[in-house]
Amino acid sequence: MVTLTINGQQHELDVPDQMPLLWALRDVVRLTGTKFGCGIAQCGACTVHLDGEAVRSCVTPVSQAQNREITTIEGIADDAVGSRVQRAWLELGVAQCGYCQSGQIMGASALLKQTATPSDEQIVEAMDGNLCRCGTYSRIRQAIHRAAERGEEQA
């Protein structure tokens with residue numbers, strides 16, 4: 001039995017310790033916003049936060065997530081930074097197909113929590129590995145800057 005705290009709620013799961021967190025979230029808890037992309041931590045579609053840090057849930061066993069706060073795309077709007085990022089994404093129409101966007105938003109939110117006003121280079125470095133087949137990278141970068149500006153306004 002594994003106890004996970006997901007988006008502020010505790011869940012008791014009868015799953016193997018080595019089960020990837022992605023499958024516990026999607027198949028057991030039924031939070032399907034976190035997507036399966038590659039299964040080898042190369043695309044970023046499965047990105048969630050563990051204690052505020054962006055991690056690839058497809059290669060993170062549930063045993064590593066115990067006693068830590070897991071935030072998924074379903075819970076990111078409850079966070080001030082995450083809410084700003086989501087708002088910027090909508091305002092700039094970042095998504096095309098949308099498949100990668102939950103991972104992109106989770107990566108961008110983690111970046112802005114560490115670096116309130118990142119440079120283009122910092123954005124590129126932090127978001128490297130979050131792949132977008134539609135190629136919306138310039139809009140992603142613009143949305144991160146917009147969310148950072150909103151943070152400065154609120155400070």
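How many salt bridges does the count come to? In this predicted model, the count comes to five salt bridges. The description below begins with the sheet, turns to the helices that accompany it, and closes with the charged pairs.

The sheet is open and consists of five strands in the order β2-β1-β5-β3-β4, with mixed pairing. Its edges are occupied by β2 and β4 (53-56), and because each of these has a single partner strand, one side of each is left without a neighbour in the sheet. From one strand to the next, the twist averages 40°. At one edge, strand β1 (residues 2-6) pairs with strand β2 (residues 9-13) in the antiparallel sense over five bridges. Within this pairing, Thr 5 stands opposite Gln 10 in β2. The hairpin of β1 and β2 has two residues between the strands, and Asn 7 in this hairpin takes a positive phi near 50°. Towards the other edge, strand β3 (residues 47-50) and β4 are also joined in the antiparallel sense, over four bridges. Here the bridge partner of Val 48 is Val 55 in β4.

Two helices that pack on the sheet may be described by their contacts and directions. Helix α1 (residues 21-28) touches β1, β2, β3 and β5, and the direction of α1 makes about 105° with that of β3. Helix α4 likewise packs on the sheet, where α4 touches β3, β4 and β5; the direction of α4 makes about 35° with that of β3.

The surroundings of α4 extend beyond the sheet. This helix has 14 residues and reaches 20 Å from its first C-alpha to its last, close to the 20 Å expected at 1.5 Å a residue. Twelve of the 14 residues of α4 are buried, so the helix is largely enclosed by the rest of the structure. The buried residues include Gln 101, Ser 102, Gly 103 and Gln 104 in α4, and among the others are Ile 105, Met 106, Leu 111 and Leu 112. The elements against which the buried residues of α4 pack are β3, β4 and β5 together with the helices α3, α5 and α6.

Helix α6 (residues 137-154) has 18 residues, which should span 26 Å at 1.5 Å a residue; the end C-alpha atoms of α6 are 26 Å apart, in agreement with that expectation. The buried positions of α6 are Ile 140, Ala 143, Ile 144, Ala 147, Ala 148 and Gly 151. Seen down the axis of α6, these buried residues fall within an arc of 135°, and they therefore line one face of the helix. Glu 152 and Glu 153, on the other side of α6, are exposed. The buried residues of α6 pack against three helices, α3 (80-91), α4 (101-114) and α5 (120-127).

Several salt bridges connect these elements. In one of them, Lys 113 is paired with Asp 79, with the closest N and O atoms 2.8 Å apart. This pair links distant parts of the chain, as Lys 113 lies in helix α4 and Asp 79 in the loop between β5 (69-71) and α3, 34 residues apart. Lys 113 is partly exposed, with a relative accessible area of 40%.

A second pair is formed by Arg 146 and Glu 91, whose closest N and O atoms are 3.1 Å apart. Arg 146 belongs to helix α6 and Glu 91 to helix α3, so the pair links distant parts of the chain that are 55 residues apart. Both partners are partly exposed: the relative accessible area is 28% for Arg 146 and 38% for Glu 91. Glu 91 and Arg 146 are further linked with Arg 150 in a network of salt bridges.

A third pair joins Asp 120 to Arg 141, the closest N and O atoms being 3.7 Å apart. Because Asp 120 lies in helix α5 and Arg 141 in helix α6, the pair ties together parts that are 21 residues apart in sequence. Asp 120 is partly exposed, with a relative accessible area of 35%, and Arg 141 also counts as partly exposed, at 29% relative accessibility.

Notes. Residues numbered from 1 in each chain as written. Predicted model: local features only at pLDDT ≥ 70, side-chain atom pairs only at ≥ 80, totals over all residues. Heavy atoms only, no water. Expected span 1.5 Å × (residues − 1). Buried < 20%, exposed > 50% of the residue type's maximum accessible area, 1.4 Å probe, protein only. Arc of directions from axis to C-beta. Contact = heavy atoms within 4.5 Å. Salt bridge = Lys/Arg side-chain N within 4 Å of Asp/Glu carboxyl O. Pairing = 2+ DSSP bridges. Axes fitted to C-alpha atoms, helices over the stretch in contact; angles between N-to-C directions.
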